[in-house]
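Student: I am new to this structure and would like to learn how its labels are earned. Could we go through some of them together?

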Amino acid sequence: MLQLPVPRIRYLAQNTSDFYRVARIKTKANGDKRITYDAYRSLKDVHKTLKVRLFQNVSYPDYIQGAISGRSYIGNVKKHTKSTIIICEDITNFFPTIRESDVKKMFMRLFHFPKEVASLLTGLVTLNGTVPQGGVCSSYVANLVMWERESALVSLLRAKNLTYTRYVDDITVSSKYYIDKAEISSVIASIYGMLKHFGVKPNKAKHEVLSNGMHQKVHRVGVNGKRPSFGKEEKKRVRSAVYNLEAQFKDNACSYDEYLKAFNSASALVAKLKQLNERQGQKYRESLNLLKPSSKRVELSN
């Protein structure tokens, strides 16, 4: 599958720390550091092969919505519109807390690889015993590592007419019907129990239970109505991003690299808005078309 000599595969699997670099360190709102890694080409090529020949051939269940071609956070949001109750949970530092032993179990029990092959594959996709954020295969591993317990939990919830989805490290459960506090507590306990089994922890600061009498949001998108919608705050973020970009475009003190970063950020926000509101999104997209980084480069060169 990897089209490499076994000794080479073993060497890469046993020395992955030599084939990674820190790509980015971001300080989160709570002060924690999020470290993103990038693999050097010799290891990244192996990861790309695994991605195409193994992970992209998996039939992912519909409750897994993140980091899969053809699925998006908007698709995830749509599954929870017009709900009576929504339960939102977040996994704390998901990638760095996934255990190497659970990755190995996944390769053995889900893919049915022999123990030696599973050990080598685990070595290839982990770094110092955990799953590196930013790795080519990392999101796929995160999607699959809990498959056994998660599929059982989903079946249990579906039997109670509850909808479960997971967008990488964001878990959402919703109901179209009324459920009492005892049932809500039972659902939360079942989610926490699954996470505990895999040694990962819920981020209780992001725990939310939203009734239909409240402004219900999933991924910052309003879901009270039949269709997802951006609230005033999110629309304001898009408007501000485009406005600030226009100012940076005219500012010769703004470097090309700085501008490119701002443009990509604004473009991503506009793309999200366009998925929910075609007319408004297209209006902002037309504004961005007049502010392309290539035009900014020309401005700077003059």
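Tutor: Gladly! Let us start with a term: a salt bridge is a side-chain nitrogen of Lys or Arg within 4 Å of a carboxyl oxygen of Asp or Glu. Keep in mind that this is a predicted model. A search of the whole structure finds ten salt bridges.

Student: What makes Glu148 and Arg109 a salt bridge?

Tutor: Their side chains meet at 3.0 Å, N to O. The cut-off is 4 Å, so the pair qualifies. Glu148 belongs to helix 8 (residues 147-158) and Arg109 to helix 5 (residues 100-109), so this pair ties together parts that are 39 residues apart in sequence.

Student: Why is Glu148 called partly exposed?

Tutor: Partly exposed covers the range between buried, under 20%, and exposed, over 50%. Glu148 has 35% relative accessibility, so partly exposed is the right label. Arg109, at 45%, counts as partly exposed too.

Student: What about Asp45 and Arg41, how do you know that they form a salt bridge?

Tutor: Their closest N and O atoms are 3.5 Å apart, and the limit is 4 Å, so they count. Both residues lie in helix 2 (residues 41-53), four residues apart, which is about one turn of the helix. Arg41 is called exposed because its relative accessibility of 67% is over 50%. Asp45, at 35%, is partly exposed.

Student: Why is Asp38 called buried, whereas Lys44 is called partly exposed?

Tutor: Asp38 has a relative accessible area of 18%, and buried means under 20%, so Asp38 is buried. Lys44 is at 22%, between 20% and 50%, so Lys44 counts as partly exposed. The two side chains meet in a salt bridge of 2.7 Å, N to O. Salt bridges that share partners join Arg21, Asp38 and Lys44 into one network.

Student: Why are helix 11 and helix 12 called roughly antiparallel?

Tutor: The axes of helix 11 (residues 256-276) and helix 12 (residues 278-289) cross at roughly 155° and come within 7 Å. Angles over 145 degrees count as roughly antiparallel, so the name fits this pair. Their crossing is left-handed.

Student: And what makes Ile35 partly exposed?

Tutor: Its relative accessibility is 34%, between the 20% and 50% limits, so Ile35 counts as partly exposed. Ile35 lies in strand 2 (residues 33-39). Together with Val22 and Ile25, Ile35 makes a nonpolar surface patch of about 250 Å².

Methods
Residues numbered from 1 in each chain as written. Predicted model: local features only at pLDDT ≥ 70, side-chain atom pairs only at ≥ 80, totals over all residues. Heavy atoms only, no water. Patch = residues over 30% accessible without salt bridge, like charges linked within 9 Å, V, L, I, M, F, W, Y side chains within 5 Å. Areas by Shrake-Rupley, 256 points an atom, 1.4 Å probe, with all protein chains shown as cover. Helix = DSSP H or I, 4+ residues; strand = E, 2+ residues; numbered from the N terminus. Buried < 20%, exposed > 50% of the residue type's maximum accessible area, 1.4 Å probe, protein only. Axes fitted to C-alpha atoms, helices over the stretch in contact; angles between N-to-C directions. Parallel < 35°, antiparallel > 145°, perpendicular 65-115°, else oblique. Left-handed = near helix turned anticlockwise from the far one by under 90°.
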